[in-house]
Structure formats: C-alpha cells, structure tokens
Number of protein chains: 2
Amino acid sequence: MSTPVAFIGLGIMGLPMAGHLLGRGHKLTIHTRTRHKAQSLLQRGATWADSPADAARQADFVFVCVPDTPDVQRVVTGSGGLLEGVRPGLIIVDHSTISPAATQQMAQALAQRQTHLLDAPVSGGDIGAQSGTLSIMVGGDRTAFERAQPLLAAYGKTITYCGSSGSGQLTKLVNQVLVTLTNLAVCEALALAKRGGLDLATTVQAVGSGAAASWQLANLGPKMIAGDFRPGFMVDLQQKDLRLVMEAAAQSHTPLPATALVHQFFTAAQAAGLGREGTQALFKVIQKLGI
Amino acid sequence: MSTPVAFIGLGIMGLPMAGHLLGRGHKLTIHTRTRHKAQSLLQRGATWADSPADAARQADFVFVCVPDTPDVQRVVTGSGGLLEGVRPGLIIVDHSTISPAATQQMAQALAQRQTHLLDAPVSGGDIGAQSGTLSIMVGGDRTAFERAQPLLAAYGKTITYCGSSGSGQLTKLVNQVLVTLTNLAVCEALALAKRGGLDLATTVQAVGSGAAASWQLANLGPKMIAGDFRPGFMVDLQQKDLRLVMEAAAQSHTPLPATALVHQFFTAAQAAGLGREGTQALFKVIQKLGI
C-alpha cells in the first residue's frame, strides 16, 4: 500500500533509508539542507519540498535523520519547521540520536497539535542503512508505533518498542555504553597481549569464542591488529553519543565511572587528530599510554 | 592408546578433567591434598599416590590443576614435589591460572632435568570441565605441546598453542581483561537503563544482537536482571585472576586503567561480603554507587 511519506535529512544514513521507502512504492517528499544530496532520489521520482513544514503538509508520516539535538530542534520548532506544517494525526519518526529529555519536550509540544513524535534511533551504521538491516529502538505512543512499524520494516530488521517518549533514545544510549566499554576491553586486552609478546591474531582466536566473546572483539580486534583505522563509526560521532550518555546519566544521577573514562580517552583521540578515524583508533590511545 | 598419566589437584575443575582421562582408557595416578576427593576416581580404577613425586614416577604426563601460583610452586618444587620424581622426557601440563613469570622460572628449572612444563590454563568453568568442552591456551615447547595435544582433547574443545613458556598464562590473563571489562560494560549499561525507567529485558533484547553484543551481556545480563547472583565464576576467583593481570601488566609496563578500575569495584564487592557470589554481583556494586 502506497503511503505519502516525507524524509528530512539525506546524509549517509538518511539517503539510503529514504531510498528504501521509495523502493517500497511510497509517495516520497524530501527535504535536506544541501539540495544536491537529494538528486538521486528526485531522479527516482521523489518530490522536493522547500522546508520541513512543506514536506509535512504532503505526508502522513515524516521521518527525520539529522546529526544532533539542535538539528532536530531546528527541523521541528525552527522557522519553516515541522510545527508549522503539522495537522492532527501526523506521525513524526525521529531517527537521529539525540537527548532523551529534549525528545520528551518536543513530543509534548507536538502532542498539543495532536501530532505524535516517535523517537527511533538506529544502530547498524551506513552498511545497515544500505542493506535495510538496521536495529531501531522506538519510544513514544504505542499506537503510533504500531502504525509506523510497517514503514520502518523497509530498512529495519530488529524493531523494538522500548516504552514512552525518550525510551528509544535512552535505549540507544545504553547501546553506546556497551559498545564503547566493550571496545575499551578489546583495547586493554590487546595492549597487554602486545607488550607481553603474544601473537595477536592467535590470541584473538584463542579467547574469541568463550566468555570473552563480543562483536567488538570479532569486528574491531582484527582491524586494530591490521592497523586499519578507516571509519566504520567515527570517533567524532562516538563522542557526540557519549556526551548524550553522560548528560542523561547526570540527569538520572547515575554514576558511570568507566564510561566517563572511555569518553576521556576518546577526547585524547580527538586531540591527536583521530576524530575522523574509526572507533578502533581507541587502541592507539591505549597503546600510547604505555609509551 | 592407553598412556600412563597422573593428575594432581582434584577440585571443581580437576576432578571432572581427570575423569575424562580415565574415561578415555588412560592409566591414571592421582594425588590431591584432601584424599576423600579422590574416592570416586579410585573406585573407577585410578591409583593413589602419596605425593606429586610418587605420581610423576608412574606417568609420562603429569597434569596439575590447583588454585594459585604458590600451590603450583609447592607441587613442583616443594617437599615430595614433582622435581623429586621427574625423569628426562616427562611432560608436565599445568592447567592452573598462575603468574606467567613464575611459570617461566619453573619451566627453566624443569628444563635442566630434561622435563617440559607446559602452561595450559583453561576457560569454560566447571560446566566446560564436566562436558569436556574447555578452551585451553598452551605455552611452552611446541613439540611437547604436540605430544600432549591428543590427551588434552579428552576435555578440551578449543586448544590453542600460544607460544613460548608463559604465553598460555598471558593469553588467559588477556581473556580475563576482556571478561571483566565486558562485564562492567553490562553493569553500567543496565544501571543507566534502570535509573532511566527502561524495561531491562526489553533493553537487552533491543541491543543484544548488534555492535553491543557480547557473551557477558547474553549470559550475565539476564542473571543481573533476575537478581540471580549464584556463582558461575566466583568474585574471589575473578579477583585472584585480576591480581595476576595487574602483576603481569606492571611487569611489562602496560597501563590498564579500566581493568584497574574494575579490580577495585570487585574489591568493593568483596568488602560487601559478595566474594563467593558470581561475577554478575558486580552489578550490585555499580548500582550501589548511585544510591
């Protein structure tokens, strides 16, 4: 069934996600800051909108995928923002990873206009966006979630309803705590192995299938060993997410000592000019401690 | 082919491991500090030896599985120890998790008597020992390893030759860095989720199959959520291994800031009387920080 949908933000994630909606036969309206990024979708039949408000007027669902909290706030409440184009029953799905508290504030403002905001951050990276196998963590009104779910299936493989507004964002932040601390585990383990003279590939093989096993070890370990620091997920973006983690933790008075530590080590990576390398560049920081 | 073998140390790990050797038809001599622990094996046809030296005199391979570095040193160099019973060609396989440096010293002393010492710590716990599916990380002379390998297959599933003497121990310590820091990752992640009001089981489900995935999350996460702190692997034993990690790291001048941190948190667990609980009790310590 073809549904009129709009997509705001056509970056490395949004572009392929919007493409999947188009591929499913939905009537797609798009808007993004840099218009030339929309070119391939316009050629495939998408319609350009001059503002988020204009895009909203032509859709039953508006998807947003932009970098950070202020970007989403601009898209929603800024001049020409979604608030100017909403009508009762519209559902806005925000795929950006942003502040859970800011999400709740925007959801309240939109609810006064009978518009639902679902927070729906994703994990799986650009490869997951391209292959349509993202994990999507959704917070907000349950009925709105159920209406949006068939559309999310265009690019989501694991789609989880996490609870009320902000719950999707908080679940994504929980995900980032796990990802970054497991990454640090791999870095300290390989640093110990390397300085002790072990063969690193043999070491990963010996420990990789038992209680020490993790996605980070299996996927980033070999890159660290090979000295391949090209980005899957960039240090600068990891830091943005860790900043959101530490803000949310401060708001709920949750001490996260090791997460704070890895946040500082990534700051050291940025100071060393590694911000645009992959998160496996954390290994350089940990090794450098020993030099 | 039946081989005369000896097994020293019949604790929670050694007893089922020795049983597997007997089950394979090998001629088994046993010695352990508390003789009544040998009863079941004696009934199955094993022979008792009054000392490690006596056991060594009746075997081509001697397996050792005792708690800590001083215990292995007593078994090897103490009164009635293996050194008194060795002869050229004997191979000693030490399954204990102990100091890599102490291992190298004992290996050198034994080499002067034409006896090989292989360090072969295991992971997989009592369940792995019972089911014969342990991971075994082996250091020492390669030819001696190849001779021992068919015997190790009685209870080992993943058997990795890691390099020269001490390499097996160091690989096990690398394993423990991964295990403990990934455990801490799970604790901080669930603490953030809990204080933010998320449903923890839903959260684990939402994040458990992507870049945040780990054995610790999949296995200890549900126990933390259920409040099940019965030991798979006890805090006290984890602390012993972390002490060995920090010693080895100090010797190789490897700074391990997060591992040092988790070592301190496990100290807090011991202080709270949780030493004999499972390592998932770390969650109690991390939660308590927020109270």
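Here are a few worked exercises on this predicted model.

**Exercise 1. The two copies**

Work out how chain A is superposed on chain B, and what kind of axis relates them.

Solution.
- Start with the operation itself: a rotation of 180 degrees, with 0.0 Å of shift along its axis, puts chain A on chain B at an RMSD of 0.0 Å.
- The two copies are therefore related as by a two-fold rotation axis.
- Next, look for the C-alpha of chain A nearest that axis: it belongs to Ser214(A), 2.0 Å away.
- Finally, check the surfaces. Both copies use the same one, since 100% of chain A's contact residues recur in chain B.

**Exercise 2. The interface**

Describe the interface of chain A and chain B by its contacts, its buried area and its salt bridges.

Solution.
- Count contacts first: 55 residues of chain A touch 55 residues of chain B, taking heavy atoms within 4.5 Å as contact.
- Then take the area. About 4600 Å² is buried between chain A and chain B, and carbon and sulfur atoms give 73% of that.
- Now ask who pays on the chain A side: Leu178(A), Glu188(A) and Leu192(A) lose the most area to chain B, together 15% of what that side buries.
- Last, go hunting for salt bridges between chain A and chain B; you'll come back with zero.

**Exercise 3. An aromatic pair**

Classify the pair of Phe145(A) and Tyr161(A) as stacked, tilted or edge-to-face, then say which elements hold the two rings.

Solution.
- You need two numbers, because a pair of aromatic rings is described by the distance of the centres and the angle of the planes.
- For Phe145(A) and Tyr161(A) these are 5.2 Å and 40 degrees. Stacked needs under 30 degrees and edge-to-face over 60, so this pair is tilted.
- Place the residues: Phe145(A) is in helix α7 of chain A (residues 142-152), and Tyr161(A) is in strand β9 (residues 156-163), so the pair ties together parts 16 residues apart in sequence.
- Check burial against the 20% cut-off. Phe145(A), at 4% relative accessibility, is buried, and Tyr161(A), at 18%, counts as buried too.
- Try chain B: Phe145(B) and Tyr161(B) also give 5.2 Å and 40 degrees, so that pair is tilted. Phe145(B) is buried at 4%, and so is Tyr161(B) at 17%.
- Over all chains, the tally is four aromatic pairs.

**Exercise 4. A charge over a ring**

Which ring does the charged end of Lys284(A) sit over, and how far is it from the centre?

Solution.
- In chain A, the ring is that of Phe229(A), with the charged end of Lys284(A) 4.3 Å from its centre.
- In chain B, the charged end of Lys284(B) sits over Phe229(B), 4.3 Å from the ring centre.

How values were computed:
Residues numbered from 1 in each chain as written. Chains lettered and ligands numbered in written order. Predicted model: local features only at pLDDT ≥ 70, side-chain atom pairs only at ≥ 80, totals over all residues. Heavy atoms only, no water. Least-squares fit on C-alpha atoms with pLDDT ≥ 70 in both. Phe/Tyr/Trp six-rings, centres within 6.5 Å; stacked < 30°, edge-to-face > 60°. Helix = DSSP H or I, 4+ residues; strand = E, 2+ residues; numbered from the N terminus. Buried < 20%, exposed > 50% of the residue type's maximum accessible area, 1.4 Å probe, protein only. Lys NZ or Arg CZ within 6 Å of the ring centre and 35° of its normal. Buried area = accessible area lost by both parts, 1.4 Å probe. Salt bridge = Lys/Arg side-chain N within 4 Å of Asp/Glu carboxyl O.
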